[in-house]
Amino acid sequence: TPSLAYLLLTKIRAVTDQPVVKVIVTHYHADHIYGLQVFKDIGAEILAPLGAKDYLSSPAGEGRLKQRRESLFPWVDENTHLVTPDTYVSEKTRFQFGGLDFELTPLGSTHSQGDLIVNIVQEGVTFAGDLIFEGRIPFVAGAQPQQWVENLTNMDASKLKVIVPGHGAASTSPSTAVDFTLGYLQFLQKYLGEAVENLVPFDEAYSSMDWSQYEK
């Protein structure tokens, strides 16, 4: 939300008075984008994966904003609006900033209509967006689970020091963070996939599954 974006800007200002010139958005979902207008207003360039264009051109974007103006009022209101990125990232991109190398890797439609991850090479830090959930169950509605599983399987977390997930705390055990989200997706694929093949009703399949490893 704009108010949380102002809070983030306040925390940035406690570290540096340098201008914010780039904001990289891992994906266009409502819970990640309503604060962009704050950074756009101070002149930052907004970068996002190509799939954001699909979100902005579909009824889903405005429809969700209308709903959130009601459910999240007054933090989301009539002054909150969708921000179009200045730059769409459609291929692996690398740039240097502040003496650090940034790698932007678009993943196509994975968790959303378009996702990307950001790697800060010298720091061993990856901002994984909603490719990774830490300490909570991943949101999978509208996702492409097989693509998601493949991307996580191909992610080499062994050389990383930190993964910053889209939801949850930063993890200093990147391989464990990857394994948790990957394991959950594979759990769903196995048991709900079998239910689909055998035409088992969802409620029956859900109630027969052992969810104990995810109860907390």
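Reader: The charged end of K190 sits over which ring?
Author: This is a predicted model, where local features need pLDDT of at least 70, side-chain atom pairs count only at pLDDT 80 or more, and totals for chains, interfaces and linings use all residues. Residues are numbered from 1 along each chain as its sequence is written, and side-chain values use heavy atoms, without hydrogens and water. The charged end of K190 lies 5.3 Å from the ring centre (NZ of Lys or CZ of Arg within 6 Å of the centre and within 35 degrees of the normal). That ring belongs to Y191.

Reader: Which ring lies under the charged end of K53?
Author: The charged end of K53 is 4.8 Å from a ring centre. The ring is that of Y88.

Reader: Which aromatic cluster includes Y191?
Author: Y191 is in one aromatic cluster with F180, Y184 and F187. Further along, F202, Y206, W211 and Y214 belong to it too. The full set is F180, Y184, F187, Y191, F202, Y206, W211 and Y214.

Reader: How many aromatic pairs are there?
Author: Rings of Phe, Tyr and Trp (its six-membered ring) pair with centres within 6.5 Å. The count is nine.

Reader: Is the pair of Y206 and W211 stacked, edge-to-face or tilted?
Author: The ring centres of Y206 and W211 are 5.0 Å apart. Their planes meet at 35 degrees (stacked is under 30, edge-to-face over 60, the rest tilted), so the pair is tilted.

Reader: Is Y206 buried, exposed or partly exposed?
Author: The relative accessible area of Y206 is 44%. Buried means under 20%, exposed over 50%, with a 1.4 Å probe and protein chains only. Y206 falls in between, so Y206 is partly exposed.
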